[in-house]
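Please study the sequence and the three-dimensional structure shown below before reading on. The paragraphs that follow lead from a single contact to the overall arrangement of the chain.

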Amino acid sequence: MRVQDVMTNRVHTVSPGIAAEDAWNMMRLRRIHHLVVTQANAIVGLLSERDLGGAKGTRTRENQTVADLMTAKVLTVLPTTPVRKAANMMRGQSVGCLVVVDGARIVGIVTVADLLELIGRGIDPPVAAAQRPTLNHRVPHRKQHRATGVW
């Protein structure tokens, strides 16, 4: 299974100059946990709900911009990357998402929630029960002996 099979196609982006509180409101209204920070169609960072301090992070967001709170190191993968490799990247780097790119174009995002959904519905496609083959060869029968003794 490839990343393109589990990724979310709709990626929300934000510019680094907007207020952190505005980014928080955007995430809350759209029910998302990650925003890709872009400038002139180039990825410059990633902003997560954790970076913004969560629901009780009003002090963290106060008088801050997205550029102040974003993570500058963004991990990217290709759409053809195996899901196992993507999951290992996320686990090894302790990140919650990977941005899926095709060249310089953003085509999707893979989050921990996407991988959990995949596990929940089952990774492997259902396998049809194998039918037992019928035996077509003849087997010699045993001779049947008469019981001659007394019990």
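**From one contact to the whole chain**

A polar atom in the side chain of Thr-81 lies 2.9 Å from the backbone oxygen of Leu-78. The structure in view is a predicted model, and Thr-81 is a convenient place to begin reading it. Thr-81 belongs to the loop between β4 (76-77) and α5. Is Thr-81 buried or exposed? Its relative accessible area is 11%, and a residue counts as buried when this value is under 20%; Thr-81 is therefore buried. When its neighbours within four places in sequence are left aside, the residues in contact with Thr-81 are Met-1, Arg-2, Val-3 and Ala-86.

The view may now be widened to the chain as a whole. The protein chain contains six helices and six strands. In sequence order, these elements follow the pattern α-β-α-β-β-α-α-β-α-β-β-α. The chain has 151 residues, and 32% of them are buried. Among contacts with a separation of 6 or more, 54% are between residues 24 or more positions apart. The accessible surface of the chain amounts to about 11,400 Å², and carbon and sulfur atoms account for 51% of that surface.

Some of the strands are arranged in sheets. Strands of a sheet pair through backbone hydrogen bonds, and the pairing may be parallel or antiparallel. One open sheet has three strands in the order β1-β2-β3, and its pairing is mixed. The strands at its edges are β1 (13-14) and β3 (42-48), each of which pairs on one side only. How do β1 and β2 run with respect to each other, parallel or antiparallel? Strand β2, which covers residues 34-39, runs parallel to β1, and two bridges join them. Val-14 has Val-37 of β2 as its bridge partner.

On the other side of the pairing, β2 and β3 run antiparallel and are joined by six bridges. Within this pair, Val-36 stands opposite Leu-46 of β3. The two strands form a hairpin with two residues between them, and Ala-40 in the turn has a positive phi of about 55°. Most residues other than glycine have a negative phi, which makes such values worth noting. Asn-41, in the loop between β2 and β3, also has a positive phi, of about 60°, although it is not a glycine. With a relative accessibility of 74%, Asn-41 counts as exposed.

A helix accompanies this sheet. Helix α2 (residues 20-30) lies across β1, β2 and β3, and its direction makes about 130° with that of β2. Which residues of α2 are buried? They are Ala-20, Ala-23, Trp-24 and Met-27. Seen down the axis of α2, these buried residues fall within an arc of 100°, so they line one face of the helix. The buried residues of α2 pack against β2 and β3, and also against α3 (58-61) and α4 (66-69). Just after the helix, Arg-31 takes a positive phi of about 55°.

There is a further open sheet of three strands, with the order β4-β5-β6 and mixed pairing. At its edges stand β4 and β6 (105-111); each has a single partner strand, so one side of each is left without a neighbour in the sheet. Helix α5 packs on this sheet and touches β4, β5 and β6, and the direction of α5 makes about 135° with that of β5. How many bridges join β5 to β6? There are six, and the two strands run antiparallel. Val-101 stands opposite Ile-106 of β6.

The path from helix to strand also deserves attention here. The loop between α5 (83-93) and β5 (97-102) holds Ser-94. Ser-94 has a positive phi of about 55° although it is not a glycine. Its relative accessible area is 68%, and Ser-94 is exposed.

To conclude, the two sheets may be set side by side. One has the order β1-β2-β3, with α2 lying across its strands. The other has the order β4-β5-β6, with α5 packed on it. The loop between β4 and α5 is where Thr-81, the starting point of this account, is found.

Notes. Residues numbered from 1 in each chain as written. Predicted model: local features only at pLDDT ≥ 70, side-chain atom pairs only at ≥ 80, totals over all residues. Heavy atoms only, no water. Pairing = 2+ DSSP bridges. Helix = DSSP H or I, 4+ residues; strand = E, 2+ residues; numbered from the N terminus. Contact = heavy atoms within 4.5 Å. Axes fitted to C-alpha atoms, helices over the stretch in contact; angles between N-to-C directions. Buried < 20%, exposed > 50% of the residue type's maximum accessible area, 1.4 Å probe, protein only. Arc of directions from axis to C-beta. Areas by Shrake-Rupley, 256 points an atom, 1.4 Å probe, with all protein chains shown as cover. Polar contact = N/O pair within 3.5 Å; in protein donor to acceptor, adjacent residues only side chain to side chain.
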